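Subject: Structure handover

Hi,

Here is the structure I promised to pass on to you. Have a look at it first, and then read on for what turned up.

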Amino acid sequence: MTITPLMPVYPRCGVRPVRGEGAYLFGEDGQQYLDFASGIAVNALGHAHPRLTKAIADQAATLMHVSNLYGSPQGEHLAQRLVDNTFADTVFFTNSGAEAVECAIKTARRYHFANGNPQRHTLITFDTAFHGRTLGAISATNQAKMRDGFEPLLPGFAYAKFNDLEGALALIDDNTAGFLVEPIQGEGGIRQASHEFLTGLRKACDEHGLLLVLDEVQCGYGRTGKFFAHELYGITPDIMAVAKGIGGGFPLGACLATEEAAKGMVAGTHGSTYGGNPLAMAAGEAILDVMLEDGFLENVTAMGDRLRQGLEQMIPNHDHLFDSVRGTGLMLGLKLKSDSRAFVAFARDNHNLLLVSAGENVVRILPPLVIDESHIAECIDKLSTAARVYVPAADD
Ligand SMILES: Cc1ncc(COP(=O)(O)O)c(C=O)c1O
């Protein structure tokens, strides 16, 4: 037998973390890494944050799981806090981002069904989008690398170019349910929706009775310096998928919706065994406690500005390699002139700096939201040291 016990769907690298503390990870072999990947935008409070670990430990010792057949004081409390702090009137808790997206798709379809328009089932989505790995979520992207070999996929998606408002509007027909879009594409290469594009989609939804469904799994929960990225645009969605930062490392996601958009989601239409269990809710409460404290989001913006400034100052010294900086807050991308995966591997293996590659040869820089200036200085130092000695392969 040659297959590994862990199904070999990830090209895993040699770093084998066994412990984390703040912005640092420690490998099995004792190596220390500066973690500016944060489990791909998950560890919002860094590793082993005492408030998060205590909340989880206390809850685990009290009550870990009960069925959603019973009343949920824990779920009601966290849902109410999310309602109080967002556009939403109601929340469904999931265990991952893909499940939050699934719930968002179902909520959108069910809205039109409840309105007597079951033919309005098609969501317009966008190129280089990433919504997760379930069959529904891979159907919502036109990226062949996610879809190949998994057909037949879920019908009911149409694909437009990201940031092409006219192209998206041209796809609206009698079957359209709405738009599903990331305000800032993460996997796609830190591609930010233009103001005109996102506000134009909102306007079209209002005019045509469609739903604006946002996927803020990666760009939401404080990452941009706002609680949610759509706040940067002065609009609100009808439905929104959230995950990653919401649990800070505990597997938690959520689908948020307005009362109107959720009108079809009545008893029996959706469910999850684990979704919103007391342990997950304790993690979510602890994250929210910290994130909503005065100054937390302002610090994300300030650190994001400092990091961007540092990156921009560094670029001219290595302009054979670095092209530009993109993104907002602590969701930044460094566009390379050669293969980003090779540079990410080089920085990791030679300079103990963890970053993530994304589309368009962009290196994603997604540190914990609790970093300070010393971490930024260390990151810039590691990046420029790496850039000084890095030689891109001839075919990059
Ligand atoms: C924008 C976006 N949506 C959905 C997902 C899927 O989340 P999960 O891997 O938790 O299922 C991701 C994961 O990277 C994401 O970035």
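A note on names before anything else: helices (H or I, at least four residues) and strands (E, at least two) are DSSP runs, numbered from the N terminus. With that in hand, Pro152 can be placed in the loop between α6 (144-147) and β6 (157-160). Please also keep in mind that this is a predicted model.

Pro152 is worth a visit on your screen for its backbone. The peptide bond that leads from Glu151 to Pro152 is cis, with omega near 0 degrees.

Two residues of helix α1 come next. Ser38 is found in this helix, which covers residues 38-41, and Ile40 has its place in α1 too. Ser38 has a phi near 55 degrees, a positive value in a residue other than glycine. For Ile40, phi is near 60 degrees, again positive in a residue that is not glycine. Are these residues buried or exposed? Ser38 is buried, with a relative accessible area of 0%, whereas Ile40 is partly exposed at 27%.

Now to the ligand, which I expect you will want to look at.

Which residues surround the ligand? They are Ser96, Gly97, Ala98, Phe130, His131, Gly132, Glu182, Glu187, Asp215, Val217, Gln218 and Lys244. Some of them come with distances between polar atoms:

- Gln218 has a polar side-chain atom 2.7 Å from an oxygen atom of the ligand.
- Gly97 has a polar backbone atom 2.8 Å from an oxygen atom of the ligand.
- Phe130 has a polar backbone atom 3.4 Å from a nitrogen atom of the ligand.

On its own the ligand has 390 Å² of accessible area, and the protein covers 82% of that.

There are also two open sheets to describe.

In one of them, 4 strands follow the order β1-β2-β3-β15, and their pairing is mixed. The edges are taken by β1 (17-21) and β15 (353-354); each has a single partner strand, so one side of each is left without a neighbour in the sheet. Further in, β2 (residues 24-27) pairs with β3 (residues 32-35) in the antiparallel sense over 3 bridges. If you want a spot to zoom in on, Tyr24 stands opposite Leu34 in β3. Helix α12 (residues 373-389) lies across β2, β3 and β15, and it runs at about 105 degrees to β3.

The other open sheet also has 4 strands, in the order β13-β14-β17-β16, and here the pairing is antiparallel. Its edges are β13 and β16 (356-358), each with a single partner strand, so one side of each has no neighbour in the sheet. On average, neighbouring strands of this sheet are turned by 30 degrees against each other, direction ignored. Helix α11 (residues 340-351) packs on the sheet and touches β13, β14, β16 and β17; its direction makes about 175 degrees with that of β16.

Why call β13 largely enclosed by the rest of the structure? This strand (residues 322-328) has 7 residues and 5 of them are buried, so the rest of the structure largely encloses it. Its partner is β14 (residues 331-336), which runs antiparallel to β13 and is joined to it by 6 bridges. Arg326 stands opposite Gly333 in β14. The two strands form a hairpin with 2 residues between them, and Gly329 in the turn has a positive phi of about 60 degrees. As for β16, it pairs with β17 (residues 362-365) in the antiparallel sense over 3 bridges, and Ala358 stands opposite Val362 in β17.

One more residue to point out is Arg202, in helix α8 (residues 195-208). Its relative accessibility is 12%, and buried means under 20%, so Arg202 counts as buried. The side chains of Arg202 and Asp206 are joined by a polar contact of 2.8 Å. Leaving aside residues up to four places away in sequence, Arg202 touches Leu210, Leu212, Ile235, Thr236, Pro237 and Asp238.

That is the tour. Enjoy looking around!

Best wishes

How values were computed
Residues are numbered from 1 along each chain as its sequence is written. This is a predicted model: local features need pLDDT of at least 70, side-chain atom pairs count only at pLDDT 80 or more; totals for chains, interfaces and linings use all residues. Side-chain values use heavy atoms; hydrogens and water are left out. Two strands pair if DSSP finds at least two bridges between them. Contact means heavy atoms within 4.5 Å. Axes are lines fitted to C-alpha atoms, for helices over the stretch in contact, and angles run from 0 to 180 degrees between N-to-C directions. Buried means under 20% relative accessible area, exposed over 50%, partly exposed in between (1.4 Å probe, protein chains only). A residue is near a molecule or strand if one of its heavy atoms lies within 4 Å of it. A polar contact is a pair of N or O atoms within 3.5 Å; within protein, one must be able to donate a hydrogen and the other to accept it, and residues adjacent in sequence count only if both atoms are side-chain atoms. Accessible areas come from the Shrake-Rupley method with a 1.4 Å probe; for residues, only the protein chains shown count as cover.
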